[in-house]
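Student: I've got a bit of bench time free and a structure to look through. Can we talk our way around it?

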Amino acid sequence: MAEYQAPLRDIRFVLNETFAADQLWQSLPGLNGAIDADTAEAMLEEAAKITSQTIAPLNRNGDEEGAVWNNGEVTTPAGFKQAYATYAEGGWVGLAGNPEFGGLGMPKTLGVQVEEMIYGANSSFALYIALTAGSTLALDAHGSEELKQKYLPNMYAGTWAGTMCLTEPHAGTDLGIIRTKAVPEADGSYAVTGTKIFITGGEHDLTENIIHLVLAKLPDAPAGPKGISLFLVPKFLVNEDGSLGERNTLSCGSIEHKMGIKGSATCVMNFDGAKGYLIGELNKGLNAMFTMMNYERLSIGIQGIGCAEASYQTAVAYARERIQSRAPTGAVQPDKAADPIMVHPDVRRMLLTMKAMTEGSRAFSTYVGMQLDISKFADDEQIKKKGEDLVALLTPVAKAFFTDVGFESCVHGQQVLGGHGYIREWGQEQLVRDVRIAQIYEGTNGIQALDLMGRKTVANGGAFFKVFADEIDAFIAENGTAEMGEFIEPLQAALENLKELTAQVIDNSKANPNEIGAASVEYLHTFGYTAYAYMWARMAKAALTAEQGADGFYQGKLATARFYFKRLLPRIHSLSASVRAGSDVLFELESAQF
């Protein structure tokens, strides 16, 4: 079994050579002087060390031992508490946090690289950190100054953790029908009562306090989503001097027994008149929570990248060592009984698919991180608006496509090992189980596709899409050289196809609203493959212009780019045919005929 190692060389290539992140940081007023290439390199090295040496070794143990519930208390797997303390001591929990309250204020472009490392090392462990990071983001954006001063420093320090409490037994995607109530108290707080399910990190032993962000409704709130408010509900109340007071009236009723991510406590949380504090404005809680949810959606997308990378590392190591049969062209190692399975075309097909999709995902996550940095730190309103539009458009693509292709890659990695991929010893079956949830939580991938097609494309007549398409068109126009032709021509064809699909669905949906949902998943995948073509064209350009070294790194990038354009990008043709087929065929059967 290969030990996970953070892919630093590939991360540097994307961050420094493909996107010149340092130049972006220096151009943004909020980041200029706070981060440079040398600082980023030092942080990446340290993150690679802690994820590979401290957190990754706990992955299998975390799966086998799991989180344990006992009379309302949850114990995390052996080693998690110590590793979490080490991680928190390094300031990593508050990596992108507001420096005014103790965060490090690092750019998201750097943050996505660290997130990939920790998900690749140990997805269960990573989730405790991701939920805290997301909850601090929402609190910092929407909380009062008093709440921020009182809670953010300890959360950034990793002394306290955070959660998001949305889902209820009867209300998942449709949050408008939640039943959790918040009753105003005389002291300005609220008594929160209700049950929330699927709460990641709702109870655990990693921190001394857990800060829950809870969606609830006042008794006289408007019906539906417009009546939802957001409340901060701590496990332990916090005294005026910042010390911990009595325990709040909330409890963990149980934890779920799951297919994967077993080291992550997925809790049923009961709030029994628990004291809570309003975040933001009354009846506008869903907007505030979406600040966190959008962060979590990108983060969970990155879980797909991290797991795929870990699976790839094991599959490559195995394919180089495992000998079975002879190469079709004759013996490669005639002194041995057989050749390594790396010589077989189908094994190479699987490995190259994993490599091309994972590296494409890494580039795209970095690109989305850049847009988040631009939308947050730019002072030019036009540039800022473009970043905001791209974040809105690309977040559902990142969440759904990263996890769909991440799962595909983990299955390929398992398949490369054959029977050994199915048993626990090699770790591949755990990765398949762990990454599977990423297609489901934080809004299922079907919901992400519906968001992309409906809200982010049809609703604005394709305005967000045009921003992205115009950027790709400009890149194509600037790189029409003979050397780039093999990448630019298929990229241009793919983009024109996506433009046509977008216009067709927008037009057809005017007469038939079912066209949006019918097209959504295949449209998102077509979008994803086209976006990756843009990423691979940019990476190919960086590889072509680099000084070629003896290690063959850049030649490998070009070879992988060619594989992507010739063997993976053509998937858009069948996907596009499905979109063009329309919605009628989905509704020919009556319910009873199913």
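Student: Let's begin with the second largest pocket. How many charged residues does its lining have?

Tutor: Keep in mind that this is a predicted model. By class, the lining of the second largest pocket splits into eight nonpolar residues, three polar ones and a charged group. That charged group numbers seven.

Student: And what volume does the second largest pocket have?

Tutor: Get a feel for the place before the number. Helices H1 (8-18), H9 (285-321), H10 (345-377) and H17 (553-568) each put at least two residues into the lining of the second largest pocket. The volume of the second largest pocket comes to about 410 Å³. Of its 18 lining residues, the closest to the centre are Tyr-312, Val-316, Arg-320, Lys-355 and Glu-359. So you don't have to scroll back, the value you asked for is about 410 Å³.

Student: Now the closed-off space. Which element gives the most to the lining of the largest cavity?

Tutor: The structure holds one cavity of 30 Å³ or more, and about 30 Å³ of space lies in the largest cavity. Two or more lining residues come from each of H9, H10 and helix H11 (381-416). The top contributor, with four residues, is H11.

Student: How many charged residues are in the lining of the largest cavity?

Tutor: Residues on the list include Gly-304, Ile-305, Met-357, Thr-358, Phe-402 and Ser-409. By class, the lining of the largest cavity has five nonpolar and five polar residues. As for charged residues, there are none: the lining of the largest cavity has no charged residues.

Student: Over to Ala-130. Is Ala-130 buried or exposed?

Tutor: Ala-130 is found in helix H7 (residues 123-142). Leaving aside neighbours within four places in sequence, Ala-130 is in contact with Tyr-119, Tyr-295, Glu-296 and Ser-299. Its relative accessibility is 5%, and the cut-off for buried is under 20%, so Ala-130 counts as buried.

Student: How far apart are the C-alpha atoms of Ala-130 and Glu-471?

Tutor: Along the chain, Ala-130 and Glu-471 are 341 residues apart. In space, their C-alpha atoms are separated by 31 Å.

Student: On to the strands. Which residue stands opposite Ser-251 in E11?

Tutor: Strand E11 (residues 266-279) pairs with strand E5 (residues 190-200) in the antiparallel sense, through nine bridges. Strand E7 (residues 228-234) is also antiparallel to E11, over three bridges, and Leu-232 stands opposite Tyr-277 there. Strand E10 (residues 250-255) runs antiparallel to E11 as well, joined by five bridges. Opposite Ser-251 in E11 you'll find Asn-270.

Student: Which residue takes a positive phi in the hairpin of E4 and E5?

Tutor: Strand E4 (residues 181-184) and E5 pair in the antiparallel sense over four bridges, with Ala-182 standing opposite Val-192 in E5. Five residues sit between the strands of this hairpin. The one with a positive phi, near 95°, is Gly-188.

Student: Last one: what percentage of residues 468-589 is helix?

Tutor: UniProt, in an unreviewed entry, places the feature "domain: Acetyl-CoA dehydrogenase-like C-terminal" at residues 468-589. The end C-alpha atoms of residues 468-589 lie 38 Å apart. The span is 0% strand, and its helix share is 77%.

Technical notes
Residues are numbered from 1 along each chain as its sequence is written. This is a predicted model: local features need pLDDT of at least 70, side-chain atom pairs count only at pLDDT 80 or more; totals for chains, interfaces and linings use all residues. Side-chain values use heavy atoms; hydrogens and water are left out. Buried means under 20% relative accessible area, exposed over 50%, partly exposed in between (1.4 Å probe, protein chains only). Contact means heavy atoms within 4.5 Å. Two strands pair if DSSP finds at least two bridges between them. UniProt positions are given in the numbering used here, feature names are shortened, and annotations may be inferred rather than shown by experiment. On a 1 Å grid over the protein atoms alone, a cavity is a set of points where a 1.4 Å probe fits but cannot get out, and a pocket is an open set with protein on both sides within 12 Å along at least five of seven lines; lining residues have an atom within 4 Å of a point. Grid points are joined across faces, edges and corners, and a volume is the space filled by probe spheres set on the points. Ala, Val, Leu, Ile, Met, Phe, Trp, Tyr, Cys and Pro count as nonpolar, Asp, Glu, Lys and Arg as charged, and the others, Gly among them, as polar.
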